[in-house]
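Visitor: I would like to learn how to read a predicted complex, one feature at a time. Could you walk me through this one?

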Amino acid sequence: MADIAAPTTPASEPDTTAAVALGVEPDIHGMVPTPGAHDDHGLVHGGGDHAGGEHGHATSTGLSNNKLAMWMFLGSECLLFGGLISTYMLYRGRHEGSPSPSQLYNIPLTSVSSFVLLMSSLTMVLAVSAAQRHDDRNTSTWLTVTALLGATFVGAQVFEFTEFYHEGLGFTTNLFGSSFFTLTGFHGVHVTVGIIMLMALVGMINRGKIPGNKAEVVEMIGLYWHFVDIVWIVIFTLVYLIPS
Amino acid sequence: MSSEQTELERDISDKVDDVVEPAHGVDEHPAGDHKHGLTDMGYVKVALILALMTAMEVTLTYLHLPGKVFMTILLVLMVAKFWTVVSYFMHLKFDNKIFTRLFYTGLLLACFVYLAALCTFQFFAPS
Amino acid sequence: MAIAERPSPVLARSGGTVLVTPSSSLGVFRRPVSSTGWRSWVFTVDHKKLGIMYGVAAFTFFIIGGCEALLIRLQLAAGSNKVLSAEAYNQMFTMHATTMVFLFVMPMAAAFANYLLPLQIGARDVAFPRINAFGFWCFLAGGVFLNTSWFLGGGPDTGWFAYAPNTSVAFSPTHGVDFWALGLQITGIASLTGAINLIVTVLNMRAPGMSLMKMPVFSWMILVVQFLLLFAIPVITVALFLLTFQRDFGAAFFSVDKGADPLLWQHLFWIFGHPEVYILILPSFGIVSEVLPVFSRKPLFGYKFVVFSGAAIGFLGWGVWAHHMFASGLGPVSVAVFSVATMAIALPTGVKIVNWTMTLWGGKLRFTTAMMFAIGLIIEFTIGGLSGVTHSVSPSDTQQTDTYYVVAHFHYVLFGGAVFGLFAGFYYWWPKVFGKMLSERIGKWNFWLMVIGMNLTFGPMHILGLQGQPRRMQIWTEFRAGDGFFNGAFWNLVSSIGAFILALGIFAFIVNVFLTYKKGEVTPGDPWDARSLEWMTDSPPKEHNFDSIPTVHALDEFFHRKYVEDEETGDLTLVTTYAEIMAEMEAKGDKNIHLPSPSYWPIVLALGLPIIAYGIIFNRLLSVFGAAVVLFAIFGWSLEPSVADASDYDPPVDGDNGESTKELATLG
């Protein structure tokens, strides 16, 4: 019947009161912004989607809401790509009616495009680094370069798909075709979405129209971009380099 | 029953809170501090290493090594590249451990369930 | 009781300089500002309003799914009934299961989570209010989309697990399966965004002092469920994509003639499907873990064990999916591994049952309706859990596969478990959400009709199943029905009668809700003498939930503020009343609380998705239009700050410069 470690003292003052007395405003989290942590616009507004550690609001963990959410999304994406890769692995040998994977794959071309995507991760990280220095010009430049490298990769993929189609492997030809195009297609769509986000971001930075913390937005999209890159690292090895 | 917490309970309780709360509630990287991570030059070096590993991978495919050796080296290189990008470019090495835990939970879970599923298909059985 | 209509005196007192300047609105349109009428609901981002909308929508789907069940039972009441044709019967059981799982239990749990989680952890809203609104509209859009299949050529007819190659166009030529795959894809988006949102909320938005191990068990279970959703939804997403590609784009994934392996679908589906089972039950486990201590007037026995067994169930739930596939020829090693793993799940589940029972032991029990449903869950779920253990034994399972025994098992855990938990939650939190008590008198009728009804409906199915009556067959024959006590005709009739008694129980609940709405008594703020933070505010709560965010010192914080326990005797002494605590919180209330502003974009974005889906089925041009809507909404969304521009607010109150009331006014 005894309760575990019941405190006997009545509630003490919530620590937000002190801050209110100073004229600082708690946001919807009931958290008080840390002094001097105003962002670029000098705002201390609270607010759902853009609230977080990076915004100068203390959260329970001290971490940004957005970043936590992005990492969880990426963790979840692992299971998405895991499923697609497994489907491909299971079906790659079932290629009746088309050339086999090792006959089709153009390793030199794919190696170059993989290298391009890998280097786009470098330019992305340089963009993040520039954004954290509040260097808008370099941020825009590196983001643009990243988008261009990504577009090169997607271009190479479109070329590759066309080649495969001419050599007799369509989406509906056999199990190998369906699973190959689904896996690499999903990846390609992820890259394309990334390119759109990068270009939109460049546009918004140039017009100064980013709600919230600019460096954090760049970092968010950077995380997504790197994730797309690491998925390709896995696909490059498992799909292209290791023949069935 | 005593009103005291048992050792075990206290221990478990501390551990759970440790999962998401930095020790003593102090964040290693206070909000607004973006000084963590490498310098730009450092990132270029990391990219060079990654490029080198990719070159090794591609070269390996032309060497006609025995199957098992070839597979092992390729998989090790793949994991190394993956880890390098995640740790340095995605800052997991410098960031709060929660991010690492969240991401790797998904990754390991994916590896576990899909490898188990492929096993039931006799995928890894010698053909 | 509701004082939300008037500006709080605390807020009205503020007059000092306001440091906050809401950033200028960058959206394409002016933001919605209505504080009354339908607009205040459709564009809201308030977690409480979204919780209520989740609840209403999910309950509507519950009634639809219930009517489908009644039709099934009518058909099976006699051997060769002609209530439903074979085609209609196939659609009926598929939609019954799909509706109950994806459109009732999951969103109803989301309703509770949305409404209560921020209150229980002492937050003013969730971490991403607009994404929260988007999740609700996605769920509704997906659910309505799925149900429109009835009118557009027929519903899905492959069972809720939609085994390949049955789902191929050759075997299921109507568009039903297309609707099923795309509809679940859309509700999946709702679950995934909701999961990310609620996990971030729990991790980041707890009140000062509320460590994870001071969090109420309901919040804990919701956290575990969201992790399960986070990692399970992408697996079903893959499966549904493959299915859509197969049916609508000519891919070969499940074409056996091209060498496809039908087990691929089964694996993908059950890798998702088994965690899904815990996604359905754990919220109800959380609910009874709140209800039992309050009505036993004792702390939950072994709080940590309840929490960890919940987490353990969630964790182990990832390693048991193949027990749904024992009859598919997996091979002896796989079967043995998954069999043992499945048995292991009984351990943490048993821990919970023991803890709940020990909570009741020696308590000052109050048999309210909520309490009765909670006790009902313990008993009925235990029965279902035990028949579940018999499934983990693969030789026994091979006998039971695809018989009514399995139907009996999962209805005991899902109806006797998940649904009873949700009803306990309805009765317990109704005064919290609506400020009025549901009638206890009608509640007792509701409970007893449901208990008798469910045992009469699902109990006989054990016998029917062991006699060999197969699932998913619209007829059964006297020839195979058995004699005497095991006569199938008798038990089928009992089961059908039970289903209508059950329906009567649900009807009693609807009557109760209606009468409460008409003339229910207004409740005090803390009618049950409750323990956790959600009761430490008004009932129903103000828009901003708490006047001041409480600092938490203990598990069951609210209870410990009210009572002090004598260390020697364990006697409780009331030291502070609810009214005193409320007055204290109001006295030091926060000024100028900024709440997230309403937005058009969540609903616009969500409504673009079914347009794309209709387009995939009927005309690809429509998909292009839908994609344009989605893209437009995403841009509108990302250009819109989460807090509205000052000019978007309602006109300020006279003599106050509007500073004090404008935030409240926008919420509506």
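Guide: We will go through confidence, chain contacts, domains, salt bridges and backbone geometry in turn.

Guide: First, the ground rules. This is a predicted model, in which local features need pLDDT of at least 70 and side-chain atom pairs count only at pLDDT 80 or more, while totals for chains, interfaces and linings use all residues. Residues are numbered from 1 along each chain as its sequence is written, chains are lettered from A and ligands numbered from 1 in the order in which they are written, and side-chain values use heavy atoms, with hydrogens and water left out.

Visitor: What mean pLDDT does chain C have?

Guide: pLDDT is the predictor's confidence in each residue, from 0 to 100. For chain C the mean is 88, and 91% of its residues reach 70 or more. Residues 1-28 of chain C are below 50, and this stretch has 61 contacts beyond near neighbours in sequence; a contact means heavy atoms within 4.5 Å. Residues 645-668 of chain C also stay under 50, with 59 contacts beyond four places in sequence.

Visitor: And where is confidence lowest and highest in chain A?

Guide: Helices and strands here are DSSP runs (H or I, at least four residues, for helices; E, at least two, for strands), numbered from the N terminus. In chain A the low end is helix H1 (residues 16-21), at a mean of 35, and the high end is helix H5 (residues 136-166), at 96. The pLDDT is below 50 over residues 1-57 of chain A, a stretch with 141 contacts beyond near neighbours in sequence. Chain A as a whole averages 79, with 75% of the residues scoring at least 70.

Visitor: Which elements mark the two ends of the scale in chain B?

Guide: H1(B) has the lowest confidence, at a mean of 54, and H4(B) the highest, at 94. Chain B averages a pLDDT of 79, and 71% of the residues score at least 70. Over residues 21-34 of chain B the pLDDT is below 50, with 17 contacts beyond near neighbours in sequence. For the complex, the predictor gives an ipTM of 0.89 and a pTM of 0.88.

Visitor: How many residues do chain B and chain C each bring to their contact?

Guide: Chain B gives 20 residues and chain C gives 25. Buried area is the accessible area (1.4 Å probe) that two parts lose on being put together, summed over both. Here it is about 1,900 Å², 79% of it on carbon and sulfur atoms. On the chain B side, the elements that give two or more residues are helix H1 (7-20) and helix H4 (97-120). H4(B) supplies the largest share, ten residues.

Visitor: What classes of residue make up that chain B side?

Guide: Ala, Val, Leu, Ile, Met, Phe, Trp, Tyr, Cys and Pro count as nonpolar, Asp, Glu, Lys and Arg as charged, and the others, Gly among them, as polar. The chain B side has twelve nonpolar, five polar and three charged residues.

Visitor: How many salt bridges cross between chain B and chain C?

Guide: A salt bridge is a side-chain nitrogen of Lys or Arg within 4 Å of a carboxyl oxygen of Asp or Glu. Between chain B and chain C the count is zero. The structure holds 18 over all chains. One of them joins Lys67(A) and Asp95(B) (2.7 Å, N to O). This pair crosses between chains, from helix H2 (residues 65-91) of chain A to the loop between helix H3 (67-89) and H4 of chain B.

Visitor: Which domains does chain B have?

Guide: Domain bounds come from an automatic or database domain assignment. For chain B it gives domain 1 (36-93) and domain 2 (96-127). Their C-alpha centres lie 20 Å apart, and the contact takes five residues from domain 1 and six residues from domain 2. The two domains bury about 430 Å² between them, of which carbon and sulfur atoms give 68%. Phe82(B), Val86(B) and Leu92(B) supply 82% of the area that domain 1 buries against domain 2.

Visitor: Where should I look for backbone geometry?

Guide: His91(B) has a positive phi of about 65 degrees although it is not a glycine, and it lies in the loop between H3 and H4 of chain B. In chain C, a cis peptide bond joins Ala164(C) and Pro165(C), with omega about -5 degrees. Pro165(C) lies in the loop between helix H5 (129-147) and helix H6 (176-204) of chain C.
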